[in-house]
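This report looks at one pocket and one set of aromatic rings. Keep the model open while reading.

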Amino acid sequence: MKSFGTNISSTTSFTLTAFPEIDGLEHWLTAFLFLLYAISILGNILILFIIKEEQSLHQPMYYFLSLLSVNDLGVSFSTLPTILAALCSHAPEIAFDACLTQMFFIHFFSWTESGILLAMSFDRYVAICNPLRYCTVLTDIRVAHIGVSIIIRSFCMVFPLPFLLKRLPFCKANVLTHSYCLHPDLIRLPCGDTTINSMYGLFIVISAFGADSVLILLSYGLILRSVLAIASQEERLKTFNTCVSHICAVLIFYVPMVSVSMVHRFGKHSPDYVHKFMSLVYLFVPPMLNPIIYSIKTKEIHKRLRKMLLGFKL
């Protein structure tokens, strides 16, 4: 009994689950997920390439967009191995430490994305509400400091999670409800007291996602006030159109995240596939749609992309 309670977590592995309800459709789902990964990875790499090559895009707004693309690549690569393993093999297992590592990176990139979206809303606020001070407020050094601060904040918030889990004994059936490792999923499995884990998880969600979303709403409240003060309706639409891409990015990040949280807390009796589907939407949709939205709605990127495609045709 002594060995059972002291260091059992160091020898525990977890079983990943895919979609047991789709027997016979695994090949189609695998192909579909491969397509989503390809769109996400190639799209974000293309955004990074365009921003690097186009000198006119070396501005704060596009520096933040580059950070967003790098972060979306991180989300894709952190989930790719286990999702494909769960689809291609029967009841694949993942080692305890590997699971904690994946959990760390998934949540790290989620917190980082929230911080980047907040920084982008600040960029839009300065550009619209204080355009004459834009170049002096958002200098290259200040943008770099903001980026580093976002990364440090995310790291500090997520870093304790693996250690809080490692101190607990895992004595239940270690079957995950997803094909990747998430903190809300993992804290269901220990047979010890998980109050600290739950309280800390709630604290960082409120202090990060909650604070970021409130500040983003505040930024757009101030932006809307400035836009409505513009006399010309054409100029109002033109000014507000510069925010459309960012608003879409905010919605496709926060709406799935809130939906996953609502299903997790209030839909406990929902079928398992509902939880799996919502989590896949949360992890797949933002990295896939962000490059598409910015390629379509950002005139400079759209122009450069068209030039590249026409060049390849020629």
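How much space lies in the second largest pocket? The answer is about 530 Å³. The model is predicted.

## The second largest pocket

The lining of this pocket has 17 residues. Closest to the pocket centre are M61, R124, K238, T242 and E300. By class, the lining divides into six nonpolar, six polar and five charged residues.

Four helices each supply at least two residues of the lining. They are α3 (60-88), α4, α10 (233-241) and α13 (299-313). Helix α4 spans residues 96-129.

## Aromatic pairs

A search of the whole structure finds 17 aromatic pairs. One of them joins F105 and F109: the ring centres are 6.1 Å apart and the planes meet at 25°, so the pair is stacked. The cut-off for stacking is an angle under 30 degrees.

Helix α4, which also contributes to the pocket lining, holds both F105 and F109. The two residues are four apart in the chain, about one turn of the helix.

## Exposure of the stacked pair

Are the two partners buried or exposed? F109 has a relative accessible area of 15%, so F109 is buried; the limit is under 20%. F105 reaches 35% relative accessibility and therefore counts as partly exposed.

## The wider cluster

F105 and F109 also belong to a cluster linked by ring pairs. Its other members are F104, F108, F155, F159 and F163.

Key
Residues numbered from 1 in each chain as written. Predicted model: local features only at pLDDT ≥ 70, side-chain atom pairs only at ≥ 80, totals over all residues. Heavy atoms only, no water. Phe/Tyr/Trp six-rings, centres within 6.5 Å; stacked < 30°, edge-to-face > 60°. Buried < 20%, exposed > 50% of the residue type's maximum accessible area, 1.4 Å probe, protein only. 1 Å grid on protein atoms, 1.4 Å probe; cavity = no way out; pocket = protein on both sides within 12 Å on 5 of 7 lines; lining within 4 Å. Points joined across faces, edges and corners; volume = space filled by probe spheres on them. Nonpolar A, V, L, I, M, F, W, Y, C, P; charged D, E, K, R; others polar.
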